[in-house]
Each structure stands twice: as structure tokens, then as C-alpha cells.
Amino acid sequence: MPDTILPQGAGYGVVVGIGLFFSAFMISLTAIQARYTAFSPKSSEEFTSASRSVKPGLIASGIVSAWTWAATLLQSSAVAYKFGISGPWWYGAGATVQILLFAMLAAKLKLNAPYAHTWLEIVGVRWGKTAHLVFMFFGLATNIIVSSMLILGGSATVTDLTGMSTIAACFLIPLGVAIYVVVGGMRSTLLCDYTHTTVLFAIILTFIFTVYSTSDKIGSPAKMHELLTNASAVTPVPGNAQGSYITMRSKNGLIFGVINIIGNFATVFQDQAYWQRAIASRPASTVKAYLLGGLAWFAIPFTFATTLGLAAVALRGDPAMKVLSPADVSAGLPAAAAAAALLGKAGAAAILVLLFLAVTSACSAELIAVSSLLTYDVYKTYINPNATEQQILNVGHAAVALYAVVCGLAGLIFFYIGVSMGWLYTFMGVILGSGVAPIALCITWSKANKWGCIGGAIAGFVAGIVAWLVTTSTLNNGVINVVTSGGDYEMLAGNLASIGVGAIVATLSSIIWPDNYDWESTRAINKPVRDTSRRTEELKTDSDSEKKEHEVVTKAGSVAGDSFDAAEEEDELDPVALNKAFKFASYSSVGLFIVLIILVPLPLFFSHYVYTTSGLTGWVAVGIAWTFCSAITVVLYPLYESRHALFLISKGIFKDLFARGSGKYVADPRPTSAA
Ligand SMILES: NC(N)=O
């Protein structure tokens with residue numbers, strides 16, 4: 001009898017087979033885009049920024065996809081398994097609010113540096129080389145930690161379910177992704193995000209309906225309530241009201257919540273992937289995209305973990321349910337074990353595909369993000385300031401390939417030193433948290449003090465490490481190792497010290513010694529000298545006869561962007577409108593923060609309420625309804641907003657079928673069009 005539920009071939013089939021299938025699919029989409037729309041990835045602007053033309057639905061889908069890590073599915077389920085229903089809430093809410101608050105930074109980005117390629121360009125132009133290098137450390141460290149968690153979570157699950165070699169999984173997972181990112185760039189990444197997110201929601205809804213509707217082992221919220229009540233009678237949860245899994249009164253759940261909030265501030269604010277989506281977005285709809293993306297994303301960890309994480313507890317003792325060790329839980333395996341116990345090989349295969357899609361789409365976001373940092377902030381800034389368009393594009397491509405290898409290596413190193421995805425997840429705020437406030441202040445506040453923010457980031461980093469190690473040593477009789485340092489209080493101390501010291505030093509120094517920055521230099525970053533045709537280069541290669549045959553409507557646009565020209569861009573960069581958008585982002589994101597982090601969970605925590613059957617049913621119903629709304633937002637809405645582009649592309653393809661070349665996109669010779 002094999003040790004794993006699926007054969008090794010299934011692991012290779014998913015990782016290599018689906019990987020290559022998606023690469024081929026994305027390469028085809030990129031070719032269609034280049035032929036039938038105004039946008040070609042042969043331009044470096046298009047490669048890294050999707051020509052800043054993408055509409056909110058697709059950006060929201062890209063945010064959901066980039067923010068859906070292996071941990072989003074696995075760690076959320078692991079905390080549900082450990083702490084009960086509070087785990088999914090704290091995971092979901094504690095990582096949604098950062099995306100919502102990021103809407104404010106996105107609005108300021110469009111206002112203060114609308115043509116920047118990376119957030120580090122803004123730091124460098126405002127505060128110079130030292131700040132640029134210090135924050136580059138935080139930026140790249142964020143990317144490496146996030147990528148490592150993706151690879152660790154993905155490979156642990158593939159190995160657990162199929163027995164596939166972890167080493168092979170570490171390197172093969174980023175390989176397929178690197179292929180389509182190199183070919184298609186940012187727009188291809190967003191289109192891939194969309195397709196992955198669509199399948200992801202389909203699989204998540206399948207699990208939800210299995211657990212809460214059709215499964216003969218659970219099949220309803222009432223049965224889930226009964227099984228969880230039995231489970232807490234056998235093994236009460238320490239620190240939970242009545243030892244129950246069905247209460248928000250969970251001390252360790254709350255500690256995880258705080259750690260989660262801090263770590264995720266770091267990984268949103270310092271990850272170029274989220275800045276890049278703001279950069280790729282049309283200025284007028286950036287805020288909307290982040291608010292929609294954040295709210296849509298919440299349903300993924302919350303409902304998925306309320307489903308499979310709790311199912312893993314409910315099914316304890318079921319003959320088909322794997323017995324989970326603490327190491328298995330730390331590796332994020334409860335969800336996979338529950339899926340296999342509920343649906344056998346089909347469940348295991350579904351979770352494998354789900355994980356693979358989540359990991360690859362988040363990985364694609366990381367690849368293009370790091371490629372942009374290495375291209376613009378290392379190569380163009382320090383190595384070749386006069387780089388040509390072609391050189392920039394070549395370096396961008398090489399950086400994607402290089403970083404794909406680095407991802408594999410980083411995952412492998414952490415695997416061999418015994419650091420799991422769960423450990424890394426709670427650790428990320430310790431070393432990254434200190435940069436959060438300084439970076440936010442740099443982009444949003446004219447009074448932010450340069451040395452205060454640099455000093456805050458460094459002091460917070462040191463304070464975080466010291467607090468983490470001292471707490472570990474104090475609570476564990478001087479024993480500091482991977483196991484002792486991964487405890488709740490140890491990580492909490494490090495996270496709080498890091499973000500707290502960074503924020504206090506940066507803010508106080510800025511209040512005492514305020515800068516008076518006018519944003520002129522950041523607004524000038526990369527400001528374009530308008531070219532009336534993005535496709536000049538390509539058109540040169542067209543034959544004359546083909547040119548005469550061009551009939552596609554001029555402003556064909558793209559699946560992702562529709563038409564968007566220079567004049568429209570200038571209009572959308574109107575400071576009055578962007579200031580209004582910033583205010584809207586501030587009110588709505590702070591309001592939602594208060595609801596998600598204070599008004600809903602804290603009264604439930606302090607009341608010691610243990611959910612009744614109808615209470616749990618209502619809780620689950622909210623999760624299911626939210627999941628449907630999310631699916632509509634990131635699956636149907638992008639199709640609706642791109643309906644004209646899709647129609648024109650279809651028309652172009654149709655024309656080509658009857659008269660080759662007649663459907664190809666041609667730029668409008670009239671001066672108003674920049675497409
Ligand atoms: N993206 C997260 N924190 O799941």
C-alpha cells in the first residue's frame with residue numbers, strides 16, 4: 001500500500017503538466033494581445049506596468065490572486081484546526097485590512113509619483129541612495145520570504161499527497177511560471193491571475209458545498225457543530241472559552257490575530273507586487289480596485305478554513321482521516337488531510353490543483369515584482385543609467401529567470417534547516433515589520449523625516465530580533481532553536497517590537513523635525529514624453545500590404561485594458577480627483593478596519609460566547625454568501641468591464657479567419673490616439 005493518497009505521477013502531472021499547459025495558454029493569450037490590441041509586451045512599460053491601463057475588476061482579481069498564497073489556504077486551516085472558528089476570522093480579517101488600507105497608498109502613488117515603476121524609485125528620488133539601499137533590503141527580503149513560503153507550502157503539500165520529491169517540487173513549481181512571465185510580462189501575469197482565481201473559486205465552492213451540504217460525514221453546519229462539540233469534549237482547546245472550537249473567545253487565536261496583522265502589513269506595504277498592481281491600474285479606479293480586491297479576498301481564507309480547517313477537527317478519529325502531528329500542522333497539512341478524508345483521491349487531487357494554482361499565480365506576481373526591482377532599482381539605477389529600451393527588457397527577462405531559481409533555492413534551504421511555512425508566516429513581521437510605517441510615511445506625508453524613517457526601520461529591525469530572541473530564551477530556559485523560537489509569545493514580542501519601534505521612531509522624528517517636501521521630484525520620475533503610437537516599432541515590421549488591410553477599429557484596447565490613451569491618462573491624473581479618491585480610500589478602509597478588527601471580533605471575544613447550532617449556521621452562511629459575492633467581483637465583473645475589448649478581439653480573430661491579416665490591430669494615425 002502506498003504511503004501517499006496519490007501516486008508520484010500525479011504530483012509531476014500537476015506541477016509539470018498543468019504548469020506547462022498554463023504557460024502555453026498564457027503565451028497564446030499574449031500572442032493574441034500583441035496581434036489584436038494596442039498593447040505589446042515588447043515594450044518595457046507594457047512588460048512591467050501593463051501600460052498603466054488596466055481596469056479595476058482585473059486589478060482586483062490580480063490582487064486576490066497575488067494575495068492568495070499557499071498560507072492563505074493552509075495556514076488559515078491550520079489555525080482553524082488549532083484554535084477553532086477564531087482562526088479563520090483572524091487570518092482573513094487580519095490580512096484583508098492591509099489591502100484595504102493600501103488603497104490610500106495607491107491613491108497617493110497616483111498623485112505623487114504617477115509614472116514610477118517601483119515603490120523604491122520613489123524612496124530613492126525623495127531620500128537618496130542610503131534610503132534606497134536600506135529599503136531595498138526590506139523590499140527584497142519581503143519578496144524572498146513570501147516566495148519561500150509559497151514554495152514551502154506548495155512543495156510540502158505536493159510531497160505529502162503524492163510523495164513527489166520536495167527538491168523537484170521546489171524548482172519545478174516556479175519554472176512553468178517563469179516561462180509565461182518572461183513571455184507576457186505584467187499583463188500576462190494579470191490574465192493568468194484571472195484564470196487561476198476563477199478555477200480557485202470553483203474548487204473552494206466545491207469544498208464548501210461538500211462539507212456543509214453533501215458529505216455523508218459532515219453535510220451540514222448542525223452536524224459540524226455536533227462534531228466540533230465532541231472534539232472539544234475530548235481535547236479542549238487551551239485558552240478558549242469552555243475549551244470550545246466554536247467560540248471567538250480564544251486567547252491564542254487573538255495572539256495569532258495580532259501577529260497576523262503585523263506580518264501582513266509588512267508583506268503588503270513592502271512587496272512590489274502590490275505596488276505594481278497599483279501602477280498597472282488606471283488612475284481613476286485604483287482605489288476601487290484595492291477595496292474590491294481586499295473585500296473579495298477575505299472570503300478565501302475565512303470560508304475555506306471555516307470549511308476544511310474545521311472539518312479536519314470534526315473528522316478526527318475517522319478512519320480516512322490522517323493523524324496530524326504538530327509538525328504536520330505547522331506545515332499546513334490539516335486542509336489536505338480533511339479534503340482526502342472527505343473525498344478520497346478526488347479531494348486530494350482537487351486540493352493539489354488548488355494549491356498549485358494559488359502558489360503559481362502568487363509566484364508569478366513575485367517574479368515580475370522582483371524583476372522590476374532588479375531592473376529599475378539595481379540595473380538602471382546603479383549599473384547602466386542610460387540603458388536602452390531593449391537592454392531594460394532583456395534584464396527584466398533575465399531577472400525573472402534568475403529569481404525563479406532563487407525561489408527554488410530559498411524554499412529548499414528553509415526546508416533543510418527545518419523551517420516550515422507556518423513558522424515563517426509568524427516570523428515575517430519580526431524582520432519586516434519595522435519598515436511598514438517609514439514606507440507609508442515616505443509615500444503619503446510631506447513632513448516625513450528622512451533620517452527618522454531610515455533610523456526607525458533599522459532600529460525596529462534590531463528591536464524585533466532582540467525582543468524575539470530574549471523572549472525565546474526567557475520562556476524556554478535559555479534554549480533557542482527553531483521549535484522554541486516559534487512559540488506564540490516569542491513571535492508576538494518580536495512582531496510588536498519591530499513594527500512598534502519602527503513606527504514610533506519614524507513618526508516622532510517627523511513631528512519633531514518635519515520635512516517640507518513638495519513632491520516635484522517624485523512626480524517627475526519617468527514622466528513620459530508622449531509618443532502617439534505605442535506600436536511604432538511593430539508597425540515598422542509590418543508589410544505594406546498588411547497595413548492596407550488593417551480594419552480593426554482603432555481603439556481596440558485589450559482584454560485587460562480597453563482603450564486608454566494619453567489624454568485620458570492626463571485627465572485621470574487630475575489632482576483634485578485623486579485627492580478625493582484618497583479621502584474616500586481613507587474613510588472606507590479605516591471604517592472597514594474598525595468593523596473587521598474591532599466591532600465584530602472583540603465583543604465576541606469578551607463575551608465568551610460559544611456558538612449555538614444556529615449561531616454557527618449563520619456564521620457559515622455569511623461565509624458562503626461572501627464567497628459568492630467575491631466570485632462575482634473577481635470572475636464575472638472583469639469580463640463585464642472588458643466586454644467591448646473581448647468583442648473587438650473576437651471580431652479581429654473572425655476577420656483573420658476569412659482574410660488573413662485583415663483583423664490585425666492597427667494604431668490610429670489621428671493624433672488623439674496613443675493606443
Ligand atoms: N496573503 C496572506 N497573508 O495569506
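**Exercise 1. The chain as a whole**

Find how much area the protein chain of this predicted model exposes, and which atoms supply 70% of it.

*Solution.* Start with the surface: the protein chain exposes about 23,500 Å². Next, sort that area by atom, and carbon and sulfur turn out to supply 70% of it. Now look inward: of the 675 residues, 62% count as buried. Then turn to the secondary structure, which comes to 27 helices and zero strands. Finally, take the contacts with a separation of 6 or more: residues 24 or more positions apart account for 85% of them.

**Exercise 2. A helix and its surroundings**

Work out how the reach of helix α10 compares with the expected value, and whether its residues are mostly buried or exposed.

*Solution.* First, locate the helix: α10 covers residues 251–269, which makes 19 residues. Second, take the span from its first C-alpha to its last, which is 28 Å. The value expected at 1.5 Å a residue is 27 Å, so the two are close. Third, apply the burial cut-off of under 20% relative accessible area. By that cut-off, 16 of the 19 residues of α10 are buried, so the helix is largely enclosed by the rest of the structure.

**Exercise 3. A nonpolar patch on the surface**

Identify the residues of the nonpolar patch and the elements that give two or more residues to it.

*Solution.* Begin with the members: Ile 167, Phe 171, Val 405, Leu 409, Ile 413, Phe 415, Tyr 416 and Ile 417. Together they have about 750 Å² of accessible area. Now assign them to elements: those giving two or more residues are α8 (166–214) and α15 (389–417). Helix α15 provides the largest share, six residues. To finish, pick one member: Tyr 416 lies in helix α15. Its relative accessible area is 55%, and because exposed means over 50%, Tyr 416 counts as exposed.

**Exercise 4. Cysteines and disulfides**

Determine how many disulfides the model has, then check Cys 192 and Cys 453.

*Solution.* Recall that a disulfide is a covalent bond between the sulfur atoms of two cysteines. The step needs a cut-off: the sulfur atoms must be within 2.5 Å. With this rule, the count is zero disulfides. For Cys 192, the nearest cysteine sulfur belongs to Cys 363 and is 10 Å away, so Cys 192 is in no disulfide. Cys 192 is buried, with a relative accessible area of 0%. For Cys 453, the nearest cysteine sulfur is that of Cys 442, 7.1 Å away, and again there is no disulfide. Cys 453 is also buried, at a relative accessible area of 0%.

Methods: Residues numbered from 1 in each chain as written. Predicted model: local features only at pLDDT ≥ 70, side-chain atom pairs only at ≥ 80, totals over all residues. Heavy atoms only, no water. Patch = residues over 30% accessible without salt bridge, like charges linked within 9 Å, V, L, I, M, F, W, Y side chains within 5 Å. Areas by Shrake-Rupley, 256 points an atom, 1.4 Å probe, with all protein chains shown as cover. Salt bridge = Lys/Arg side-chain N within 4 Å of Asp/Glu carboxyl O. Helix = DSSP H or I, 4+ residues; strand = E, 2+ residues; numbered from the N terminus. Buried < 20%, exposed > 50% of the residue type's maximum accessible area, 1.4 Å probe, protein only. Contact = heavy atoms within 4.5 Å.
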